[in-house]
Amino acid sequence: MVELIIAFGSSGEHLARAVAKITRFSVTETETRRFPDGELYVRVMGDASREDVVVFQSLGMRPDRLLMEYCLIADAVKGMGCKTVTAVIPYLAYARQDARFRSGEPLSIKLVARSLEGAGTDRLISVDAHLHRLRALKEVFTIPTLNLSAMPLLAEYYKTEFGVRNVIVVGPDSESEQWASTVAGTLSTEYSILNKERLGDRDVEISGSPSVRGKTVVLVDDIISTGKTLVGAIRKLRSKGAKRIDVLTTHALLVEGALSLLRKAGMSHLVSTDTIPRSTSRVSVAPMIADALREWK
Ligand code: R5P
């Protein structure tokens, strides 16, 4: 039987404790504070020497600070002499900068991968990592990686709570096809993909002519940040006669009043996971992560 020790950073506690409850793996606490000049201090309590340690940290909202905190914790348990460090990073920030779009830009996701590895991470579990121009995490990581998907769980929840009558699944842009097709598969329904042109951080243009007249649309995306992508999609779908629009997403960052913008645009329900805890988190990824940890030898 696999026995692991669970540690967590400040954005990983809810999932770390939920997974520990399911698996009965023991949890070790971490003391975290800031020095007067802003540097972070961490100290992992307990003895992780000769153990396989899992460190939970989601990188939503304050990604730079949370990444640094993760690296310090990973280094701390490595320094104690632990056998392996598994990173559970349900929301992997910086994955959208997966190319140098313009001269002078960094390849951010690769740098994040190198930072996680440099801190001593031996393997990584993430959830619906934003794979767009990359086809797999192994294109930027050298350690073993597992990219779980919450889309079947979101779709099952939707089926149970709302039913599937006269439903079509829609994705707002080309990269969402992977998530929309999975949801459509679970709901046994058709799907359609819109086109997105990004004009700025808070400005997108959505085009396309989906056949949605009189239908309930389940709009699917991996991340909602400002909500502008889905607001654009909702407007397009309403102009094409959609009767009702519900949204499923894995990572509900929901910055700058995104939830109220989505409601104002005409969204009926938003269902998200707890990779980032929100009032819309109806589906927990903890059981799926627990299974992955038990099965991934
Ligand atoms: C990028 O293509 C992602 O899949 C999302 O569509 C995007 O991050 C959403 O961002 P926002 O809510 O700010 O439009």
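Is serine 272 buried or exposed? Serine 272 is buried, with a relative accessible area of 0%. This is a predicted model, and the tour below begins at that residue before moving on to the ligand and then to several loops.

**Stop 1: serine 272 and threonine 250**

Select serine 272 and display the strand around it: this is β15, which covers residues 267-273. Next, add threonine 250, a residue of strand β14 (residues 244-252). The two residues are 22 positions apart in sequence, and their C-alpha atoms are 5.3 Å apart in space. Threonine 250 also counts as buried, because its relative accessible area is 0%, under the 20% limit.

Keep threonine 250 selected and show side chains. Its side chain makes a polar contact with the side chain of aspartate 128, at 2.6 Å. Drawing that distance in the viewer gives a convenient reference before leaving this stop.

**Stop 2: the ligand**

Centre the view on the ligand, which sits in the largest pocket. Which elements give two or more residues to the shell around the ligand? They are β11 (195-200), β13 (216-224) and α6 (228-239). Colour β13 separately, since this strand contributes the most to the shell, with four residues.

Now select the shell as a whole. It holds 15 residues, and the closest to the ligand are Glu175, Asp221, Asp222, Thr226 and Thr229. By class, the shell divides into eight charged, five polar and two nonpolar residues.

Three distances to ligand oxygen atoms merit individual inspection:

- Arginine 96: a polar atom of the side chain lies 2.7 Å from an oxygen atom of the ligand.
- Glycine 227: here a backbone N or O atom is found 2.7 Å from a ligand oxygen atom.
- Threonine 229: an N or O atom in the side chain is 2.6 Å from an oxygen atom of the ligand.

With these in view, switch to a surface representation. Taken alone, the ligand exposes 370 Å², and the protein buries 95% of that area.

**Stop 3: aspartate 64 and tyrosine 94**

Move to helix α2 (residues 63-79) and select aspartate 64. Aspartate 64 counts as partly exposed because its relative accessibility of 47% falls between the 20% and 50% limits. What does the side chain of aspartate 64 contact? It makes a polar contact with the side chain of tyrosine 94, at 2.4 Å. Adding valine 112 gives a further reference point: valine 112 and aspartate 64 are 48 residues apart along the chain, with 9.8 Å between their C-alpha atoms.

Select tyrosine 94 next. This residue is found in the loop between β6 (84-89) and α3 (108-118), and its relative accessibility of 35% makes it partly exposed. Inspect its backbone as well: phi of tyrosine 94 is near 70 degrees, a positive value in a residue other than glycine.

**Stop 4: arginine 24**

Another positive phi value can be examined at arginine 24, where the angle is near 65 degrees. To find the residue, go to the loop between α1 (13-23) and β2 (26-27). Is arginine 24 buried or exposed? Arginine 24 is exposed, because its relative accessibility is 73%, over the 50% limit.

**Stop 5: phenylalanine 56 and glutamine 57**

Finish at the end of strand β5 (residues 52-56), where phenylalanine 56 is placed. Phenylalanine 56 is buried, at 0% relative accessibility. Select lysine 297 alongside phenylalanine 56: the pair is 241 residues apart in sequence and 18 Å apart in space, C-alpha to C-alpha.

Then select glutamine 57, which lies in the loop between β5 and α2. Although glutamine 57 belongs to a loop, it counts as buried, with a relative accessibility of 1%. For a final distance, add valine 271: glutamine 57 and valine 271 are separated by 214 residues in sequence and by 22 Å between C-alpha atoms.

Key:
Residues numbered from 1 in each chain as written. Predicted model: local features only at pLDDT ≥ 70, side-chain atom pairs only at ≥ 80, totals over all residues. Heavy atoms only, no water. Near = heavy atom within 4 Å. Polar contact = N/O pair within 3.5 Å; in protein donor to acceptor, adjacent residues only side chain to side chain. Areas by Shrake-Rupley, 256 points an atom, 1.4 Å probe, with all protein chains shown as cover. 1 Å grid on protein atoms, 1.4 Å probe; cavity = no way out; pocket = protein on both sides within 12 Å on 5 of 7 lines; lining within 4 Å. Sits in = over half its atoms within 2 Å of the grid points. Nonpolar A, V, L, I, M, F, W, Y, C, P; charged D, E, K, R; others polar. Buried < 20%, exposed > 50% of the residue type's maximum accessible area, 1.4 Å probe, protein only.
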